[in-house]
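Thanks for making time this morning; I would like to walk through one structure, and I will try to keep to what can be read from the coordinates.

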Amino acid sequence: MSTSHSSLNKVSAQGLLVAIGIVFGDIGTSPLYTLAAVMRGKDLTETLVVGTLSCVIWTLTLQTTVKYVIITLRADNKGEGGIFSLYTLVRRFTGRWLMYPAVIGGSFLLADGLITPPISVSSAIEGLLIFYPHLDTVPIVIAILVALFVSQQFGTQLLGKLFGPIMLIWFSFIGAIGFWALWGHLPVLKALNPVWAFRLLADYPGGFWLLGGVFLCTTGAEALYSDMGHCGRGNIRVSWGYVKLTLLLSYAGQSAWMMQHLGQRMGETSPFYSIVPAPLVVFSIILATLATIIASQALISGSFTLVGEAMRLNLWPRQLVVYPSDFRGQPYVPFVNWGLMVGCILMVLHFRESANMEAAFGLAVTLTMLMSTILMSAYLHVKKVNIGLIIAITALFLTVESTFLIANLVKFEEGGWISITMGIFLISMMIFWQRGEAIKAQLIHYDSLPDNLPLLKQLSNDNEIPKFATHLVYLTTAEDTREIESETLYSILNRAPKRADIYWFLHLCVEDEPYVMRYKVDTLAHEDVYFITFYLGFRVQPRLNLLFRMVVEDMVKNKEVTIESRYQSLNVHRVPGDFRFVLFRSFLSYENDLPILSKVIMKGYLILKRIALPPQAAYGLDTSNVVVEDVPLVLTRPANLRLTRVKPKEHTSEA
């Protein structure tokens, strides 16, 4: 077993506490609203109560435990998890079509992030209605959400140390309260028999459509996989045993309380707060609020990670990514943070109560889970698992998730259309960006670099041409040191010739490993032309200005290059020469005659470029030493332009 896999499977007390604090926030706060969503406004019957509990038990067992904890956590990409990491594992072995399940799944997961923080925080704060029935909870919920999003820019390292202990107290509390309530009506445990789940679906009027509410108990399951890189597979699996026990006790306790009120209509009162002893209600509200804040924090951090991986896969415009704390792998993406904050506030203002938000919650996640099942099937095929077993596993989860999807469709008109519309918008955004980048890549033409080295050396030593820079640096997409973009050579040789003492070509290669940092130097012409390749992990910020300086300092130390200015007056005093970067900025040329589809794609792509970071910011380059040149994109020239030359009229001189 490799070292990485050994550490991934390692279990420690601290690791278990971190897993409980980070991974299970979303799924751990679902007892606040899941049974309320199913029961609200219905007359309580044994079939309804026990059947719903049975559905919850077997959903957590099949969907969360079997699919995610046992099967999906096996698919680690150098220790990282999540739907884009899963796609990375299979894309090199399968057709390009798997990009679409990954895009759909990632988009709907982001879209659901707009509703998870509002419903979680609202459901906790609404416990105050027990004491203040006419309290308007909207300002309180918005204030908490704003504080949560504003705090992201400062990092959560210190606050994160409290997550584990608080969530451990939360799970222990809901388990203990649930057990206390369950003790009053132990016969409800007959829900362990799945027959009761079938009775709910078959015998209870409209029972099938209740699955939309039941599904809320497992909406946080995707986080189990996404957070594998933060917590480790072993810690997640072991801690899930305790978390699942407390969740089941909470659901069973709420069901036991409802069994004692058969025949009554379930009102707006949450069954969660109904089983809490009166002296502990205030404590439970405070604890629930803290737990939902932590759940929201985990989802926000997960969104940052998801967008970061989408950028690496060229599925998202490059955004500013910073690391406000020293905690490894904890990025902060301002564009995503403020976008989510605005979206969450609008959700609260629109729905106002958690009961109304339940309609919009869960529908998008079912689509994400369906897509992850398709990708998981491809992964099992890549790993050469028995084909019969693959078919059985895939059929099981596609059936379960399709059933939940159909049941959730009833939520579409009630609010589910919001998350679906947002998901479709994000899908379009990713596809436009990916296709635009692919079309742009097809337009790149390469010339032979060795064939042009003599010309570059002559230009470097041609004193008749004013010197553009001592060191001239170009970023290149060429992976082979024998090639260079035609546009780069055109910039150096034709677009006002740029004489420099030394030409540097930098290529960035993003590795599938998360944190690797390596580089390679190819000396193409000593003291004239160098080609540097950086190999950076997909979680490493590409600060090329800093990294390039480190490489040059290392080369100077090893006497591979001299960087002093070659002007005589400066060279005597060993004054270092200047470094200047040249970057290209593309625009759609007026010469294009595009088909409608290509025109729409490129228009959308260029609109998205407006929200993308400029190249100098994306690659960590100082703006003071960067020159940006505009390059026209010519995709398709007009084919039927016939320009005819006419002879000039002859002029006769008069006598």
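How many cavities of 30 Å³ or more does a search of the whole structure find? Before I answer, please keep in mind that this is a predicted model. The search finds three such cavities, and the largest cavity holds about 350 Å³ of space. As a general remark, rolling a probe the size of a water molecule over the atoms shows where empty space is left.

Let me stay with the largest cavity, whose lining is made up of 24 residues, with Leu-109, Ala-223, Ser-226, Leu-299 and Gly-302 lying nearest its centre. Four helices, α3 (25-28), α7 (99-112), α13 (221-226) and α17 (281-312), each contribute at least two residues to that lining, and the most comes from α17, which supplies eight residues. By residue class, the lining divides into 11 polar, eight nonpolar and five charged residues.

Stepping back to the whole protein, there are 28 helices and eight strands, and the C-alpha trace spans about 115 × 75 × 55 Å along its principal axes. Of the 655 residues, 53% count as buried, and among the contacts with a separation of 6 or more, 84% are between residues 24 or more positions apart.

Which residues touch the most other members of the largest nonpolar core? That core has 155 residues, and the ones in question are Phe-24, Phe-84, Trp-170, Phe-171 and Trp-316. Apart from it lies another core, of 23 residues, which includes Leu-506, Val-561, Phe-581 and Val-626. To take one residue of the 155-residue core, Phe-84 touches, leaving aside residues up to four places away in sequence, Ala-102, Val-103, Gly-106, Leu-306, Glu-309, Ala-310, Leu-313, Leu-315 and Met-430.

A long-range pair worth showing involves Leu-62, which sits in helix α5 (residues 46-71). Leu-62 and Phe-397 are 335 residues apart in sequence, yet their C-alpha atoms are 8.3 Å apart in space. Leaving out residues up to four places away in sequence, Leu-62 touches Lys-67, Leu-396 and Phe-397. Is Leu-62 buried or partly exposed? Its relative accessible area is 28%, so Leu-62 counts as partly exposed, given that buried means under 20%.

Turning to the strands, β5 (residues 517-525) and β6 (residues 529-537) run antiparallel and are joined by eight bridges, and within that pairing Lys-520 has Thr-533 in β6 as its bridge partner. Three residues lie between the strands of this hairpin, in which Glu-527 takes a positive phi near 65 degrees.

That brings me to backbone angles, where the general background is that most residues other than glycine have a negative phi. Arg-352, although not a glycine, has a positive phi of about 70 degrees, and its place is in the loop between α18 (334-351) and α19 (354-357). Lys-384 is likewise not a glycine and has a positive phi of about 60 degrees; Lys-384 lies in the loop between α20 (363-382) and α21 (387-408).

How exposed are these two loop residues? Arg-352 has 38% relative accessibility and therefore counts as partly exposed, whereas Lys-384, with a relative accessible area of 74%, is exposed, because the limit for that class is over 50%.

Methods
Residues are numbered from 1 along each chain as its sequence is written. This is a predicted model: local features need pLDDT of at least 70, side-chain atom pairs count only at pLDDT 80 or more; totals for chains, interfaces and linings use all residues. Side-chain values use heavy atoms; hydrogens and water are left out. Two strands pair if DSSP finds at least two bridges between them. On a 1 Å grid over the protein atoms alone, a cavity is a set of points where a 1.4 Å probe fits but cannot get out, and a pocket is an open set with protein on both sides within 12 Å along at least five of seven lines; lining residues have an atom within 4 Å of a point. Grid points are joined across faces, edges and corners, and a volume is the space filled by probe spheres set on the points. Ala, Val, Leu, Ile, Met, Phe, Trp, Tyr, Cys and Pro count as nonpolar, Asp, Glu, Lys and Arg as charged, and the others, Gly among them, as polar. A nonpolar core is a set of buried Ala, Val, Leu, Ile, Met, Phe, Trp, Tyr and Cys residues joined through side-chain atoms within 4.5 Å. Buried means under 20% relative accessible area, exposed over 50%, partly exposed in between (1.4 Å probe, protein chains only). Contact means heavy atoms within 4.5 Å.
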